[in-house]
Amino acid sequence: MSCTNIGFFLSLLSVLMCSGVFHTSDVLMCSKPRLTLFLTKEVKDVFTAITFEVAYSLGKHVMMPHQERELPALTPVLRWRKGNKIAVKNETWFEKNCLSDDCAADLRLHGKLLLSGLHIRPHLALGGVRNVSLNVTISNTGDDAYDTNIYFNFSREVFYINFWQKEEKGISCGLIDLEFLKCSVGFPFMRAQSKYHLAIIFDTSQVSGQNDTLQFLVQAKSANPEHKLSDNSLDLSIPLIHETDTTITGVVTPGSFVYGNSIDASRFVQLEDMKCNFQPLNLTFQ
């Protein structure tokens, strides 16, 4: 093997990432670039490694002329295992601020339903209450919770209006379906020992009353592992009732009556077991 071929094999691994390759006599030289990668804002999964894979192969090999007394120069080859690609693979993991070994979060939900109006009632009157507010508090007592979301499932007769947050903490909400709402909390992560408050406003003017109760299912999830899930969900409901606004009017005849000894006795009625005499009045209600 010539010196040029020996130099080629010794330099093979070092030129896999070279941007330029050139020859000076029998020495193979190259320049190594720095590759800069940028992550998009849509990256949410920080628990899966980013995988890089570089495949390599031999380019065209230029053979030098040989004398008649010399053996032909050897053609370089790459050693590889059958069934495997000739490539270099690397995994890069996201750096996370975790105190526990498995970076476990501990999300907790608290919430209640509030009706619009001055008076607090334990039920929702159909047609009388236009809006209902679902007030939710989410807290994290574990490690930083990445890609934290709160999911709301509700009846198709209820319409999402808007949300309100006590403080500006990066909460955003959007409908996934007519009966499914998703709220992102503290993207890209909800810090450890933090607490967020938000209220979801719904329109209840189209509730028909086909069911006895109006139900809201709430669930909190993150990309972290979590050991206790019993406090990650809420089942909030309120009874539905039909209220009527009834007005009663009526008249009485005669419009007046006279009492005293001068009244004819025939105008009075003697009731059984009653000592007093009664004068009848006609009452008509509508």
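This report describes the overall make-up of the chain and then turns to two residues with positive phi values.

The model is a predicted one. Its chain holds one helix and 18 strands, and among its 286 residues, 27% count as buried. Where contacts with a separation of 6 or more are considered, 72% of them are accounted for by residues 24 or more positions apart. The area that the chain exposes comes to about 21,000 Å², and 54% of this area is supplied by carbon and sulfur atoms.

Which residues other than glycine have a positive phi? Cys103 is one of them, with phi near 55 degrees, and Asp147 is another, with phi of about 50 degrees. The two residues are set out below.

| Residue | Phi | Location | Relative accessibility |
|---|---|---|---|
| Cys103 | near 55 degrees | loop between strand 4 (87-92) and strand 5 (107-115) | 5% |
| Asp147 | about 50 degrees | strand 8 (residues 145-154) | 19% |

Cys103 belongs to the loop that runs between strand 4 (87-92) and strand 5 (107-115), whereas Asp147 is placed within strand 8, which covers residues 145-154.

Are Cys103 and Asp147 buried or exposed? Cys103 counts as buried because its relative accessibility is 5%, and buried here means under 20%. Asp147 also counts as buried, because its relative accessibility of 19% is likewise under the 20% cut-off.

Definitions and conventions
Residues are numbered from 1 along each chain as its sequence is written. This is a predicted model: local features need pLDDT of at least 70, side-chain atom pairs count only at pLDDT 80 or more; totals for chains, interfaces and linings use all residues. Side-chain values use heavy atoms; hydrogens and water are left out. Helices (H or I, at least four residues) and strands (E, at least two) are DSSP runs, numbered from the N terminus. Buried means under 20% relative accessible area, exposed over 50%, partly exposed in between (1.4 Å probe, protein chains only). Contact means heavy atoms within 4.5 Å. Accessible areas come from the Shrake-Rupley method with a 1.4 Å probe; for residues, only the protein chains shown count as cover.
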